[in-house]
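Student: I've just opened this one and don't know my way around yet. Could you walk me through it?

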Amino acid sequence: MELSVFDDASQDKSMMIIEKWKVKLEAAGILVVIGGHKSPSPRGVGYSKNQAIAQSSGSYLCFLDSDDVMMPQRVRVQHDAARRHPTSIIGCQVRREPPDATARYTRWINRLEPDQLLTQVFTSHGPTVIMPTWFCSRAWFSRVGQFDEGGRGVPEDLLFFYEHLRRGGGVVRVDQSLLLYRSHPGAATHTVLETTIWAHRVRFLEEQVLQRWAAFTIWNAGRQGRRLYRSLSVDARRKVVAFCDVDENKIKKGFYCYEDSQERPKPRLPVLHFRAARPPFVICVKLDLTGGAFEDNLRSLCLQEGRDFFHFS
């Protein structure tokens, strides 16, 4: 096993710490490969990951962010899974630090069913196995391609994950907590704008789902549902036949008019009670926020996720 570290123009004592650990690790038989640069400014997360991979030599890649901690058995357990699933990204369950940070997100990470690792890839949570837990073969990584090197503000993990799925890659989660996932204000994920991620999600939804549907209903006649409708391409927008909701005021109004449309007459879409609406649905209701009420309503329709509906919450 080897450890590949790349220093992206750090200004702290990171390299002093790494050099000390290099001696300890190599004494234990673990090769340590160190690279980096001293440019005036960092070149970004995607560039650094690509460089760390390029300078390494292993047949499998185990990713770890510098602010997280992995458990001693992680490499062994995920390596076993990767050998069984050579074209998959292997993730794992996590423990959060501090424990109460992003509780709803952490539950989602750890509790998705195996099928949902592929069906819930369009939500605002991002990849269904989080990037600091990724483990895959070098051969598969090379087939998918490198991380985007656009630098600050680019969701390089999301873009790689989408390309992985386009190429038919699988997603597998080891149901053991193998990573301590730390939350802090300086995390790189906070540099990516929500609007940037939203645009990528909408385009991927259109590409992977909406292009094969002749018509669909948006579940949520409120702000998020209307935002999705307005964000769609013209062709995808024309496939929307209705909104649905549980809010009596929205239902009583009876319709949504897209006032900013350049079309004449302006599009007017009916707003229906969810029981009166027809699938398939794109659901813009956030999960795990209504005390189970939304989830009960959805289950009552006896629909199949991935066929009759997708979450875009």
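**Finding our way around**

Student: Let's begin at the start of the chain: what stands opposite Glu2 in E2?

Tutor: Keep in mind that this is a predicted model. Strand E1 covers residues 2-8 and strand E2 covers residues 31-37, and the two pair in the parallel sense over seven bridges. Opposite Glu2, in E2, stands Leu31.

Student: Is the β-α-β crossover from E1 to E2 right-handed or left-handed?

Tutor: Follow the chain out of E1 and you go through helix H1, residues 14-27, before reaching E2. The handedness of this β-α-β crossover is right-handed.

Student: Zooming out, how many helices and strands does the protein chain have?

Tutor: The C-alpha trace spans about 70 × 40 × 35 Å along its principal axes. Buried residues make up 47% of the 313 residues in the chain. As for secondary structure, the count is twelve helices and 13 strands.

Student: Among contacts between residues at least 6 apart in sequence, what percentage join residues at least 24 apart?

Tutor: Here a contact means heavy atoms within 4.5 Å. Of the contacts between residues at least 6 apart in sequence, the share joining residues at least 24 apart is 74%.

Student: Which element gives the most to the largest nonpolar core?

Tutor: That core holds 62 residues, and Phe63, Trp134, Leu210, Leu228 and Phe312 touch the most other members. The element that gives the most to this core, with six residues, is E7.

Student: Which residues does Phe312 touch, leaving out those up to four places away in sequence?

Tutor: Phe312 is one of the core members that touch the most others. With residues up to four places away not counted, its list is Phe122, Trp198, Arg201, Val202, Leu205, Leu228, Val282, Ile283 and Cys284.

Student: How many residues are in the other core?

Tutor: This core lies apart from the largest one. Among its members are Cys244, Phe281, Ile283 and Leu287, and its residue count is eleven.

Student: And helix H7, what do its buried residues pack against?

Tutor: H7 runs over residues 156-166, and its buried residues are Glu156, Leu158, Phe160, Phe161, Tyr162, His164 and Leu165. Just after the helix, Gly168 takes a positive phi of about 85°. The buried residues of H7 pack against H2, E5, H5, H6, E7 and H8.

Student: Which element gives the largest share of the lining of the second largest pocket?

Tutor: About 500 Å³ of space lies in that pocket. Its lining has 19 residues, with Gln116, Gln120, Leu287, Glu295 and His311 nearest the centre. Elements giving two or more residues to it are H4, H12 and E13. The largest share, four residues, comes from H4.

Student: Does Thr106 count as buried or exposed, and why?

Tutor: Thr106 sits in helix H4. Neighbours within four places in sequence aside, Thr106 is in contact with Val94, Arg96 and Ala101. Its relative accessibility is 11%, and the cut-off for burial is under 20%, so Thr106 counts as buried.

Student: One last stop, at E11: what is the bridge partner of Asp245 there?

Tutor: Strand E11, residues 268-273, pairs with strand E9, residues 240-245, in the parallel sense over three bridges. E11 is also joined by three bridges to strand E10, residues 255-257, and those two run antiparallel. On the E10 side, Phe255 stands opposite Pro270. For Asp245, the bridge partner in E11 is His273.

Conventions: Residues are numbered from 1 along each chain as its sequence is written. This is a predicted model: local features need pLDDT of at least 70, side-chain atom pairs count only at pLDDT 80 or more; totals for chains, interfaces and linings use all residues. Side-chain values use heavy atoms; hydrogens and water are left out. Two strands pair if DSSP finds at least two bridges between them. A crossover is right-handed if, with the strands pointing away from the viewer, the path from the first strand over the helix to the second runs clockwise. Buried means under 20% relative accessible area, exposed over 50%, partly exposed in between (1.4 Å probe, protein chains only). A nonpolar core is a set of buried Ala, Val, Leu, Ile, Met, Phe, Trp, Tyr and Cys residues joined through side-chain atoms within 4.5 Å. On a 1 Å grid over the protein atoms alone, a cavity is a set of points where a 1.4 Å probe fits but cannot get out, and a pocket is an open set with protein on both sides within 12 Å along at least five of seven lines; lining residues have an atom within 4 Å of a point. Grid points are joined across faces, edges and corners, and a volume is the space filled by probe spheres set on the points.
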